[in-house]
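Open the model in your viewer and keep the sequence panel beside it. The stops below go from the whole chain to single residues.

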Amino acid sequence: MVNICQEAEKVMIERFGKDSVIALATVENEVPYVRYVNAYYENGAFYIITHALSNKMKHIENNSYIAIAGD
C-alpha cells in the first residue's frame, strides 16, 4: 500500500468512507469495460462486494490494472 498525505487521506475518508457508487474500469482483450459498483474506502483500499466468478473479477485476474472514478 502506498502512503498518502494526511490531507488526501482525509478527503478519501470523507468522500468514500461509506457506501458510495463509483465507476470501475477493467480491460479484457484490449476492450475497456466500465460498470458502476458499490464500494467504500478504508485503510488505503477500496472494498467492492461482488460475486467471485463475475466478469469483473475474471478481468482483474487477467489484468490487475484497473481505474476508478467517483463524483
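The tour covers the whole chain, then a pocket, then two residues beside each other, then two loops.

**Whole chain**

Start with everything shown as a cartoon, and bear in mind that this is a predicted model. The chain holds 2 helices and 4 strands. Colour from the N terminus and follow the order of elements, which is α-β-β-β-α-β. Switch to a C-alpha trace and the extent along the principal axes is about 35 × 20 × 20 Å.

Now turn on contacts. Of those with a separation of 6 or more, 48% join residues 24 or more positions apart. Of the 71 residues in the chain, 20% are buried.

Next, draw the surface. The accessible area of the chain is about 5600 Å², and carbon and sulfur atoms account for 55% of that area. Colour by charge to pick out 6 positive and 9 negative side chains; the centres of these two sets are 6 Å apart.

**Largest pocket**

Which residues line the largest pocket? Select L24, F46, I48, T50, K56, M57, I60, I66 and I68, and the lining is complete. The space inside the largest pocket is about 160 Å³. Two elements each supply two or more residues to the lining: strand 3 (45–48) and helix 2 (55–62). Helix 2 gives the largest share, with 3 residues.

**K56**

Keep the pocket lining on screen and centre on K56, which sits in helix 2. Is K56 buried or exposed? K56 has a relative accessible area of 14%, so K56 counts as buried, the cut-off being under 20%.

Show what surrounds the residue. Leaving out residues up to four places away in sequence, K56 touches L24, T26, R35, V37 and T50. Two of these contacts, L24 and T50, belong to the pocket lining along with K56 itself. For a distance across the model, draw a line from the C-alpha atom of K56 to that of E42: these residues are 14 apart along the chain, and the line is 21 Å long.

**V37**

Step from K56 to its contact V37. V37 belongs to strand 2 (residues 31–42). With a relative accessible area of 8%, V37 is under the 20% cut-off and therefore buried.

Select the contacts of V37, again without residues up to four places away in sequence: S20, V21, I22, L24, I48 and K56. L24, I48 and K56 are pocket-lining residues from the earlier selection. Then pick I66, another lining residue. V37 and I66 are 29 residues apart in sequence, with 13 Å between their C-alpha atoms.

**Two loop residues**

Move to the loop between strand 1 (20–28) and strand 2, and select N29 there. Phi of N29 is near 55°, which is positive in a residue other than glycine. How accessible is N29? Its relative accessibility is 67%, over the 50% cut-off, so N29 counts as exposed.

Last, go to the far end of strand 2, where N43 lies in the loop leading to strand 3. N43 is not a glycine either, and its phi is positive at about 50°. At 59% relative accessibility N43 is also over 50%, and therefore exposed.

To finish, display K56, V37, N29 and N43 together: K56 is buried, V37 is buried, N29 is exposed and N43 is exposed.

Technical notes. Residues numbered from 1 in each chain as written. Predicted model: local features only at pLDDT ≥ 70, side-chain atom pairs only at ≥ 80, totals over all residues. Heavy atoms only, no water. Buried < 20%, exposed > 50% of the residue type's maximum accessible area, 1.4 Å probe, protein only. Contact = heavy atoms within 4.5 Å. Areas by Shrake-Rupley, 256 points an atom, 1.4 Å probe, with all protein chains shown as cover. Lys, Arg positive; Asp, Glu negative; His and termini not counted. Charge placed at Lys NZ, Arg CZ, Asp CG, Glu CD. 1 Å grid on protein atoms, 1.4 Å probe; cavity = no way out; pocket = protein on both sides within 12 Å on 5 of 7 lines; lining within 4 Å. Points joined across faces, edges and corners; volume = space filled by probe spheres on them.
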